[in-house]
Amino acid sequence: MQPVPIEKVKGIGAARVQQLQKLDIHTVEDLLCHLPRDYHDLTQLYTIDQMRVSVPWFGKLEIVSEPSLSYPRRSMNIVRAKAADDTGTVALIWYNQPYIRQQLEQGKTYFVYGRPDFRFGQVRLLNPMIETPEHHPGARLLPVYKLTRGLSQGALRKHIQQSLDQFGALIDEELPRTLRERYHLYAKRDAYELAHFPPSRQVRDEAVRTLSFTELLLLRTYLAAQREGARAVSIEKMNPVVPEDYYKLLNFVPTGAQMRVINTIAEDLQTDRPMSRLVQGDVGSGKTAVAFYALYAAVKNGRQAALMAPTELLAMQHYEAAQEMFTPLGIKVTLVRAGMKAAEKRAVLEDIALGRSQIVIGTHALLEQKVQFEKLGIVVADEQHRFGVRQRARLLQKGEGVHALFLSATPIPRTLSMILYGDLDISILDELPPGRKMVQTRIVPPQKREAMYDFVVGKVQDGQQAYVVCPMIEAEDEEDNRSVEQVYNELRRKYPAVAVGLLHGKMKQSEKDKLMQDFVQNQVQVLVSTTVIEVGVNVPNATVMVLEQADRFGLAQLHQLRGRVGRGEQQSWCFLSTEGIDNERLRTICMTEDGFAIAQADLQQRGPGALLGTEQHGRVDLHVSLMLGDGRLLEEVMQAFDWLHEPEQEVLYTQVVQAAQSRYAQALEQIALN
């Protein structure tokens, strides 16, 4: 389907276009791929006396009081109303949504959806979704979408149905009929309609399965074709560099997993095909030592090596470690960073261009056109999910026949890796250094929060340091006291003798760098931060991690954040502060430090949100809410891929390759896969 601008849909005017664009909806296909985040079963309504705290609730309520609008402070407004049914009353409260007052009418009945809580002696629904019954005559399952201000559920449903009626016949059927019949898939147009407006949950699941299966198979096929193309390129072989010679440079004995992966990289470098390998390893598994072998091997072969890191702090840490290891060998290590003075930058660029700098480490600054290498042999991208495909390609294009090594601390289940990284060979570091102490992880209910912080301060008084991570910069409502700014102010007020620092994404880069350096040097003892510290921070003296409102984080993210501690010899702690909700996800993180087990659990419980996308390049939908948590679906996709490779399916395989190239050739240049 060729891109059709969203304004071509009847009934969508200029104002609506702007609203839809805020949801990243620009074309008809974008609109059809904006699948419901939930469905309300209109045959299963609940009453007020059936409400349970923190359990989603859906029912039919009458507004029994005149809605009010108040302004408790300049940056906040609150709409309040009281609603009732035959079993009781409930308070409805909306923060910073003044337009809601115009949508409510005393004495009128609405469908209401929300998550009840209990505060100040009353049951409340905070920011509930409301709809009038006449918006969905005859529907059984009512689709519920992510919205933006000014766009209602009813309007979005109407636009989606109109786009199907108007442009449904133009939807490309990307998979051949024979393949669809073999794997029981709907036609794509039907799958879209049944995913949005299903008669039952079962039909909805089958429709989303069709869309997910299609996207995953096309992605797997596209990446496989890319891999086959890359392997067709012939390059100059490198001479062997014995791993045992490299091990003598280390101040520790490598693990068996490290030696296994290094041997594999050594074999890759001795072939006449460019290496393209992903090394997945849990936090603390020793990926850097593996990467430094690749840098060393390139230099021993008379080539230059480049290591690209996503943050200046991480680049600096790699630079200092590389200097310590390689400078005594007469190998020159250079750091390229933003903000270098003109004279310094000219000298650095000249050293790189003339080959005097043999190992070059930097951030995105390495991608600048002015950074030219004499003979680049290998590129390493650390925390590779922070870089888009196009960015990695730009660095590889700075030389001929360049080997590529990608590092990731985001464990991904095996079958999913085979699909998402179909263009890469994959090695896994599944062993941690001996003697490393397990981080003690505990769930902390509200009544023990004060004791938790007293414990933190006790560790600080012993000379150790702590992180406190909050999910938000600012409070969402007047009663929320867990934003990074409020926790920072609370700790400074309560513990004035402790040096507390504040870090979040809205700060200037220079401010963030200065604060992190102060933390590294123990001038800041407790760092209150958002998740910007998730990647690339290595402070062995930090032994305590506090995660406020831990239930708002995904398991994989909790695991990454926990990995910021436990890097020294002292016992480390991770506290999951929560509002007391019985949470299976948090119990999972307490029971294991196996990142792959945690990733599998996260995938099953939350879907692919934590595994796809980057901060720099936005979220990767793959156009649908993929059912990646369904292991059976992933296995079926791989079975279909293998079946298409059978000689008698050559014609079908060619059709799927063409569809895959049409789908992904442009898109994958813009995004990155974690």
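This report walks through a predicted model of a protein chain, from the overall picture down to some charged pairs.

## The whole chain

Let's start with the big numbers. The protein chain has 674 residues, and 53% of them are buried. Its secondary structure comes to 23 helices and 23 strands.

How do the parts of the chain touch one another? Take the contacts between residues at least 6 apart in sequence: 73% of these join residues at least 24 apart. As for the outside, the chain exposes about 30,400 Å², with carbon and sulfur atoms supplying 48% of that.

## A look at helix α4

Helix α4 covers residues 153–167, which makes 15 residues. From its first C-alpha to its last it reaches 21 Å, close to the 21 Å expected at 1.5 Å a residue.

Quite a few of its residues are tucked away: Q153, A155, L156, R157, H159, I160, S163, L164 and F167 are buried. So what covers them? The cover includes three helices, α1 (14–21), α2 (28–32) and α6 (188–196), along with the strands β9 (129–131) and β10 (141–144).

## Salt bridges, pair by pair

Searching the whole structure turns up 26 salt bridges. One of them joins the side chains of D117 and R124, with N and O 2.9 Å apart. Both partners count as buried because their relative accessibility is under 20%: D117 is at 14% and R124 is at 1%.

Another pair is R303 and E236, whose side chains meet at 3.8 Å, N to O. These two sit in distant parts of the chain, 67 residues apart: R303 is in the loop between α10 (287–300) and β12 (304–308), while E236 is in the loop between α7 (201–231) and α8 (243–247). Are they buried or exposed? R303 is buried, at 7% relative accessibility, whereas E236 is exposed, with a relative accessible area of 53%.

Then there is K332, which forms a salt bridge with D351; their closest N and O atoms are 2.7 Å apart. This pair also links distant parts of the chain, with their positions 19 residues apart: K332 lies in the loop between α11 (312–326) and β13 (333–336), and D351 lies in helix α12 (residues 342–353). K332 counts as partly exposed at 37% relative accessibility, and D351 counts as buried at 13%.

## A charged network

Some salt bridges go beyond a single pair. Which residues are linked in a network of salt bridges? They are E29, E174, K188, E215 and R663.

Definitions and conventions: Residues are numbered from 1 along each chain as its sequence is written. This is a predicted model: local features need pLDDT of at least 70, side-chain atom pairs count only at pLDDT 80 or more; totals for chains, interfaces and linings use all residues. Side-chain values use heavy atoms; hydrogens and water are left out. Helices (H or I, at least four residues) and strands (E, at least two) are DSSP runs, numbered from the N terminus. Buried means under 20% relative accessible area, exposed over 50%, partly exposed in between (1.4 Å probe, protein chains only). Contact means heavy atoms within 4.5 Å. Accessible areas come from the Shrake-Rupley method with a 1.4 Å probe; for residues, only the protein chains shown count as cover. The expected span of a helix is 1.5 Å times one less than its number of residues. A salt bridge is a side-chain nitrogen of Lys or Arg within 4 Å of a carboxyl oxygen of Asp or Glu.
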